[in-house]
Structures are given as structure tokens and as C-alpha cells.
Amino acid sequence: PFELNADRALGDLQLEAFSQTLETAVVTSKKPFLEQQAGKMIVNVEGSVTGQTGSATQLLQKVPGLVVRQGNVSMAGTQGVSILIDGRQTRYMDVQSLLRDLPASEIAKIEVITQPGASYDAEGGGVINIILKKNVRLGTNGSARLGVGRGTYDKFNTGVNLSHRDGPLNVFGSVNYRRGSGFDQLILDREVEGALLKQNNLEPFLPNTLSFRGGVDYDLTDRHNVGVSGRYSNTVDNATGINSTQGYGGAILGDDITSAPLLFDLATSNVNNQTRNSFGADVFYRFDIDTTGRKLEVDASYGGFSRDGELNTITDIISGDFGSPIDDIRNIELGSTNVIAIETDYTHPIFQDSTRGLTLRTGAKYSYADVDAD
């Protein structure tokens, strides 16, 4: 020990060596479930129990600021919401079926963008971007999953994921099977020309979805990266909806209908059988121009969706007089959609300091859609 109250030469110092073998060093981190950034909110569902079961629709029901009603997704206070999957548009698809068939276990995060920037199509309104999981682990990794549950109906999901990342090469793939379950229920009381109609509609959906997803990307250099990915899913959705309708005479809304005469009682079954296929492929190129953040991105994608459905509506008059017979209805729904899109985006930071920044983003896009519905 010594006191240092002025410059002092200490001469040569000999340090005594002390060595200890370090067995392991573990560094752990966890993203917050919710992140608030400029113009958007990010919901990190990967690694959270929230994103392990169910469908994308059921997952969106738990996202703050989103409203899901009868399969339609809206953003509170914002009209004309666009839904993207990995930044790809879904506007020409059957979005309700697409989200209902997408397993929540395949989703890494959800971006709720209230103020879309120049990297999104100039359509106005908010954007919901669903980001699927990607391989970020080194070496060869794999996982298997099995989940079961029961609400009103039984449900389960299972899947296998494999990935390999070695140097510049990254390969990943997954196969998933999901038996989903859920229902929409709509109860209506309506006054029609002095009569009260009471309706109870129960529409279950019990989709069985088998899906595949895979891809490969390669670092040509430290700044050039290319890749290709593909996906396919097949869903068989057979369910029977039930509707009951009672008509009471001389009753208005709010009155006690126990004394009102029952005019008729109807029971309707909607036997809905659907087969849906969704498929797509993407090719991309990334060029990190320099270390300041300048980059060029080029993407080409193809997406397809097909539906083969049949709905049979059968109504029985349980009691009373409806006034006329009710015919059975058979509705056949056939549809196919094919979308091709090519886009390029350029990012150019102008300046950046500890508190402020200005970045220029620009791009161009070409898209072609072929939509056929009978």
C-alpha cells in the first residue's frame, strides 16, 4: 500500500498469476412480451405460453388494441387494416380462413403498426404484420411439440422443427398438424311487424390442418445474402352450424314474452364442408451497402389459395305455422387465388446521433393477382 499525492515512478511491477478454470458461462436474455416503438407495437409471442396453442386468429384476440369479431380483425380507432405475413400482402386471399388455419406456434411476433412508413404499400390505415419463426441457432437443432386442450370442443397440435446453421449456410424446415376448435355464437332479438323473432346461431369451426414450411439462405459475402423459402398447408374443415328461430305474436322488445303466443318454431342446420389449400414461395436478396445502415433489398414472391366448399342448409318447422314451406339450400363455393409480387426497397440513413435520426426509405413494387371465385 502507498499514497499517491504526486506523479511517481513505481518501477517494474511483477504481477502474481492466478488462474482458475471456467467451466461454463451462461448468458441469458428475454424479450419483453410487449415492445412500444415509434409508430408501432411489437408483441413477442415466441417463447411465451400465449403463442404455443391455437390459431393465429385466437392469438390476435389477445393482442392489445386489436378487435376480432366473427373472424374479422380490426384495429381500435383505425379503419382499413392490412394484414401481412412476413411482410407479404394477403389482400386477395381468404384472410379469415388463412388466419384460422395458421398455427400460433409458427409465429415469432406480431407487429401492430398504426403509422405505416414508406416500406409499406401506400394504402392508408393500419398494418398488422405477422412474423413467422426463423432459424437463428448455430449447429443442428430440432424440437418436437405436442399439445392438447379442451374448451367447448377438444383440440390438439403437434409438430417437428429441424434446422441447421453452419457458417454461411442456413437450412430450416417444419411440419405441423393441428386440430383446432372454436365457435361463433350470435343471439338476435328482432321486432318485425309487431312480432318478436328470437334467434340463436351457433357456428362451430373444427379445422384439421397439415402444414409444411422450409427454406434455405446463404451468405455470399459478409454483405450479400440470398435465400428461398416455401410453404404449403391443407385444411379440411367439416362442421355443422345450428340455428333456432322462434316467432312470438303481440310482443315487443323488453316485454315479458311468456304470455305472448308462439307463432312458429324453426330449426336450421348448416352442414359446411370445406377443403382449403394455401401455398407460396419467396426468393430474396439482401445487400448491406455499408456499416452506416444503407441497404438494398429485393424480393419476389408467389402466393396461392384455393377453396372447395359445400354448404347445405336444411330448415325444419318444429311447431306452429310459418306461412310457407322452406326449401333446402345447397351452396357450392369454389375459388382460387394466385398472386405474384416483385419489390425492391432502399434504405439510406442521412444522419444519426444519440437522440435524433433521419432515414430515407424508398422502393418500388409490381404485383399481379388472378382471382377466380364461383
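Which residues form a nonpolar patch on the surface, and about how much accessible area do they have together?

## A greasy patch on the outside

This is a predicted model, so let's start with what it puts on its surface. The nonpolar patch is formed by Leu-146, Val-148, Phe-156, Val-160, Leu-162, Val-175, Tyr-177, Leu-210, Phe-212 and Tyr-232, and together they have about 920 Å² of accessible area. Four strands each supply at least two of the residues: E9 (139-150), E10 (154-166), E11 (169-179) and E14 (207-219). E10 gives the largest share, with three residues.

Val-148 makes a good example to look at. This valine is found in strand E9, and it counts as exposed because its relative accessible area is 71%, over the 50% cut-off.

## Strands behind the patch

Some patch residues also turn up as bridge partners. E11 and E14 pair in the antiparallel sense, with 11 bridges between them, and Tyr-177 has Leu-210 in E14 as its bridge partner. E14 then pairs with strand E15 (residues 224-249), again in the antiparallel sense, over 13 bridges. There, Phe-212 has Tyr-232 in E15 as its bridge partner. The link from E14 to E15 is a hairpin through four residues.

Further along the chain comes another antiparallel pair: strand E18 (residues 329-352) and strand E19 (residues 357-373), held by 17 bridges. His-348 stands opposite Leu-360 in E19, and a hairpin through four residues joins E18 to E19.

## The nonpolar core

Now for the inside. Which residues have the most contacts inside the largest nonpolar core? They are Leu-60, Ile-107, Ile-110 and Ile-128, in a core of 24 residues. Helices and strands both feed this core: helix H1 (56-60) and helix H2 (95-101) give two or more residues each, as do strands E2 (40-44), E3 (66-69), E4 (72-75), E5 (82-85), E7 (107-113) and E8 (127-132).

Leu-60 is worth clicking on. Leaving out residues up to four places away in sequence, Leu-60 touches Leu-66, Val-68, Val-73, Leu-99, Ile-110 and Ile-128.

## An open sheet with six strands

Several of the core strands also belong to an open sheet of six strands, which runs in the order E1-E2-E7-E8-E5-E6 with mixed pairing. Strand E1 (34-37) and strand E6 (88-89) stand at the edges; each has a single partner strand, so one side of each lacks a neighbour in the sheet.

Inside that order, E7 and E8 pair in the antiparallel sense over six bridges. Ile-107 has Leu-132 in E8 as its bridge partner.

The loop between E4 and E5 holds Gly-80, which is exposed because its relative accessible area is 53%. If you want a sense of scale, Gly-80 and Leu-15 are 65 residues apart in sequence, while their C-alpha atoms are 70 Å apart in space.

## Salt bridges

How many salt bridges does the count come to? The answer is 10. One of them joins the side chains of Lys-40 and Glu-111, at 3.7 Å from N to O. Lys-40 lies in strand E2 and Glu-111 in strand E7, so this pair ties together parts that are 71 residues apart in sequence. Is Glu-111 buried or exposed? Glu-111 is buried, because its relative accessible area is 8%, under the 20% cut-off.

Asp-154 and Arg-150 form another salt bridge between their side chains, at 2.9 Å from N to O. Here Asp-154 is partly exposed, with a relative accessible area of 47%, whereas Arg-150 counts as exposed at 58% relative accessibility. In the salt bridge of Asp-290 with Arg-294, the closest N and O atoms are 2.8 Å apart. Asp-290 is partly exposed, with a relative accessible area of 22%, and Arg-294 is also partly exposed, with 25%. Finally, Arg-286, Glu-297 and Asp-299 are linked in a salt-bridge network.

Methods: Residues are numbered from 1 along each chain as its sequence is written. This is a predicted model: local features need pLDDT of at least 70, side-chain atom pairs count only at pLDDT 80 or more; totals for chains, interfaces and linings use all residues. Side-chain values use heavy atoms; hydrogens and water are left out. A nonpolar core is a set of buried Ala, Val, Leu, Ile, Met, Phe, Trp, Tyr and Cys residues joined through side-chain atoms within 4.5 Å. Buried means under 20% relative accessible area, exposed over 50%, partly exposed in between (1.4 Å probe, protein chains only). Contact means heavy atoms within 4.5 Å. Patches are made of residues with over 30% relative accessible area and no salt bridge: like charges are joined within 9 Å, nonpolar side chains (Val, Leu, Ile, Met, Phe, Trp, Tyr) within 5 Å. Accessible areas come from the Shrake-Rupley method with a 1.4 Å probe; for residues, only the protein chains shown count as cover. A salt bridge is a side-chain nitrogen of Lys or Arg within 4 Å of a carboxyl oxygen of Asp or Glu. Two strands pair if DSSP finds at least two bridges between them.
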